[in-house]
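I opened this notebook to follow one chain from a single helix out to the way its parts meet. The entries are in the order in which I looked things up.

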Amino acid sequence: MSDVNETPVYKRALPGPLPELDELNRFFWVSGEDGTLRFQRCGDCNHWQHPPSVICPKCLGENIAPQAVSGLATVGAVTVNHQAWTPGMTEPYVIAIVELDEQPGLHLTTNIVGIDPDKVVIGQRVKVVFEHVDDVWLPLFVPV
Amino acid sequence: MTTKYLEKNAIIAGVGQSQVGRRLDRSGLQLTVDATKAALADAGLTTADIDGVASWPGNMEAMQPGFSPVSVTDIKEAMGLELNWYSAGSESTQMSAIINACMAVATGQARHVLCFRTMCEASAIAKGSRSSLVGAGRNRIGGSFQWQIPFNAFSATNWVGLAASRYMQEFGMTREQLAQITLTARRNAQLNPKAIFTDPLSLDDYLQARMISTPLCLFDCDIPVDASTAIIISHADTAPDLKSIPVRFEAITGPLKGRDSWDQQIDLTRFNGEPAGTNLWQRTDLTPADVDVAQLYDGFSFLTVLWLEALGFCGRGEAGAFIEGGQRISRDGELPLNTHGGQLSAGRTHGFGFFHEAVLQLRGEAGERQLSQQPKVAAVANGGGNIAGAALLVRD
Ligand SMILES: [Zn+2]
């Protein structure tokens, strides 16, 4: 019964558009290749920032680089989408804003998967999983 | 003294609006001409008097069909205008055309500025293109929307739903309270012959409506329409030459503070309306208690809730209690709200409809829906999330 690969496969509800990769954002969208989520961090003042930029808005230092985060986060806001925006959508799905443990306000809009949509609540602890599509690893979150 | 704020030298000389409908057999440019002719007639001006044109966001037809189909230069060419100044651009607040026009007349760049906002979203949807859906049908998405669209957060309903969920959890606002924004708008729409939805709507109807993106149901979302609204902004010195009762700008502002995104605010229930409110009251000696009628953006009902707090009509987190039962925001209440039916019932004229209505109410020309107590000060708010503009209009 058990397969060689026992890791559950998580997917978004719909195969929607993917991000267009460029110099600035590539590290973020491919970060999940090794199972790790990364954000830009300032080497001078330690500020985490998102979306990626060319400079730290806190100290104006340019010593910024991707750095791994724990992947642990808390649900800050949640909405269950019921509207069929595109053909083929049948099930409700959960969109959430999660706050990464590393810094207040370090947010991602994402999907919470692996749970009944109506069961996701604000304050819930979640951790990152990745959906691999083409050249992109989308960070989704599951309950801890 | 607050006379250093130069928008006080700007007046609204005329307002005009095309038909507002779900599928009008008129192009965006035709609708804009209709609205412009109506505004000129209202002001007692001719095309020869107009020496400025401003709009927002400018022509977006290639990116988002129906969202903004008419260029500033389209109306200039169509009506043979000779311009000393013109401006339109998307990288600004929804109210930027009005703000820019105030600055243009105050600094002498123009005397009479035609401002317009035209939408053909209903026709675009009928043709299979939903302009308010960003990125749908595309394979890849760049720019700021890459942070929402890959997670199928296609619609502003999702983004506003997120903020609303957090707000309701934090401050205990109920759906029954939120419903009062929609129910009040619908009652007001019944007195507006141009409104789209005028059937009676009960609290039960609201609570039983289908969810779009929790906690927002169908009736929390405004209605895409075809419409154009024109506002002529002139220097106050021209008032004696006008046919209309002038309505003056007491204050106007369109700041951008905090993060320029829907999801990166440290506090997910705060938005750019707050600095707009702070700026607005710094530019005037008036206070929220002086406002007789409020025309507050309701692209989603929840945005109006945030605006009530942002402009200081109630305290932070208190809007649910403020609107409960709907009395305070009713036509006979202490703060009559969205007296034409708002965008929720009168259609998404995308901010300009609130100016149009504020002017009619201040002049006493709102017909059957004219407030019985003649208002002298109106507050107008446009936008939500990172985009926010606010204005105070007065009848001197
Ligand atoms: Zn720094």
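These entries deal with a helix of chain B and then with the two domains of that chain, as they appear in a predicted model.

Entry 1, a helix. I looked up which residues of helix H2 (residues 72-79) of chain B are buried, and I found Val72(B), Ile75(B) and Met79(B). Looking down the axis of H2(B), I noted that these buried residues fall within an arc of 75°, so they line one face of the helix. This fits the general rule that an α-helix has 3.6 residues a turn, so residues three or four places apart point the same way. I then checked what covers the buried residues of H2(B), and the cover includes helix H1 (28-43) together with strands E2 (52-55), E3 (85-88) and E4 (112-120) of chain B. After H2(B) comes Gly80(B), which has a positive phi, near 60°.

Entry 2, the domains. I found chain B divided into domain 1 (6-128 + 225-247) and domain 2 (155-223 + 249-394), with 23 Å between their centres, taken over C-alpha atoms. Between them the two domains bury about 3,100 Å², of which 66% is on carbon and sulfur atoms. Of the area that domain 1 of chain B buries against domain 2 of chain B, Gln94(B), Met95(B) and Val247(B) supply 23%, more than any other three residues.

Entry 3, polar pairs. Across the interface of these two domains of chain B, I counted 4 salt bridges and 15 residue pairs in polar contact. On the side of domain 1 of chain B that touches domain 2 of chain B, E1(B) gives the most, with 8 residues.

Technical notes
Residues are numbered from 1 along each chain as its sequence is written. Chains are lettered from A and ligands numbered from 1 in the order in which they are written. This is a predicted model: local features need pLDDT of at least 70, side-chain atom pairs count only at pLDDT 80 or more; totals for chains, interfaces and linings use all residues. Side-chain values use heavy atoms; hydrogens and water are left out. Buried means under 20% relative accessible area, exposed over 50%, partly exposed in between (1.4 Å probe, protein chains only). Helices (H or I, at least four residues) and strands (E, at least two) are DSSP runs, numbered from the N terminus. The arc is that of the directions from the helix axis to the C-beta atoms. Contact means heavy atoms within 4.5 Å. Domain bounds come from an automatic or database domain assignment. Buried area is the accessible area (1.4 Å probe) that two parts lose on being put together, summed over both. A salt bridge is a side-chain nitrogen of Lys or Arg within 4 Å of a carboxyl oxygen of Asp or Glu. A polar contact is a pair of N or O atoms within 3.5 Å; within protein, one must be able to donate a hydrogen and the other to accept it, and residues adjacent in sequence count only if both atoms are side-chain atoms.
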